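Please take a moment with the sequence and the fold before reading on. The paragraphs below go through charged pairs, a helix contact and a nonpolar core in turn.

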Amino acid sequence: DVLLEAGHPYSEVINESVIEAVDSLCPYMHYRGVAFMVDNCSFTAKTGSRKWAPRFDYILDQLAYTAVDNGKPVNADLISDFENHEVHGAVTECCKLRPTVDISVDSASSTKEIVIE
């Protein structure tokens with residue numbers, strides 16, 4: 001909503017929030033781990049992630065999860081607003097226009113691999 005309110009087109013909103021995560025960040029984090037990725041980001045991204053990550057972690061672990069565990073009801077309006085947001089239709093249309101992308105990194109990972117037999 002922040003990008004939309006600032007006048008950005010849906011294609012940019014989707015690229016910044018969905019496509020970059022799926023095509024770039026997630027495979028890279030799986031390959032090298034979050035710490036390596038953050039260490040190799042721009043100064044702005046590195047500073048922002050180190051500043052905000054502990055705050056989000058606190059909000060989730062200490063406030064949100066414990067509230068739900070203690071029986072506090074989830075705000076159904078927020079869930080409904082997300083599920084019915086018009087951006088989901090735009091994501092569907094944008095995905096029709098882009099080529100399929102298969103990103104994989106084949107090398108030893110710096111993260112601990114879990115093997116299920």
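In which helix do Lys96 and Glu93 both lie, and how many residues apart are they? The model is a predicted one, and in it both residues belong to helix 6, which covers residues 87–97; they are 3 residues apart, about one turn of the helix. Their side chains form a salt bridge in which the closest N and O atoms are 3.0 Å apart. Of the two partners, Lys96 is exposed, with a relative accessible area of 58%, whereas Glu93, at 44% relative accessibility, counts as partly exposed.

A search of the whole structure finds 2 salt bridges, and the other pair to consider is that of Arg50 with Asp39, whose side chains meet at 2.2 Å, N to O. Arg50 lies in helix 4 (residues 43–69) and Asp39 in helix 3 (residues 34–39), so this salt bridge ties together parts that are 11 residues apart in sequence. Arg50 is partly exposed, with a relative accessible area of 48%, and Asp39 is likewise partly exposed, its relative accessible area being 41%.

From the charged pairs we can return to helix 6 and ask how its axis is placed against that of helix 2 (residues 10–32). The two axes come within 10 Å and cross at roughly 85 degrees, which means that helix 2 is roughly perpendicular to helix 6, since angles of 65 to 115 degrees are placed in that class. At the crossing, Tyr10, Ser11, Val13 and Ile14 of helix 2 meet Val87, Ala90, Val91 and Cys94 of helix 6. Sorted by class, the residues of this contact are 7 nonpolar and 1 polar, with no charged residues.

Several of these residues appear again in the largest nonpolar core, which has 7 residues in all: Val13, Ile14, Ile19, Val87, Ala90, Val91 and Cys94. Helix 2 and helix 6 are the elements that give two or more residues to this core, and the largest share, 4 residues, comes from helix 6. Within the core, Ile14 is worth following on its own: leaving aside residues up to four places away in sequence, Ile14 touches Ile19, Val87, Ala90, Val91 and Cys94. As general background, nonpolar side chains tend to be buried together in soluble globular proteins.

Key
Residues numbered from 1 in each chain as written. Predicted model: local features only at pLDDT ≥ 70, side-chain atom pairs only at ≥ 80, totals over all residues. Heavy atoms only, no water. Salt bridge = Lys/Arg side-chain N within 4 Å of Asp/Glu carboxyl O. Buried < 20%, exposed > 50% of the residue type's maximum accessible area, 1.4 Å probe, protein only. Axes fitted to C-alpha atoms, helices over the stretch in contact; angles between N-to-C directions. Parallel < 35°, antiparallel > 145°, perpendicular 65-115°, else oblique. Contact = heavy atoms within 4.5 Å. Nonpolar A, V, L, I, M, F, W, Y, C, P; charged D, E, K, R; others polar. Core = buried A, V, L, I, M, F, W, Y, C linked by side-chain atoms within 4.5 Å.
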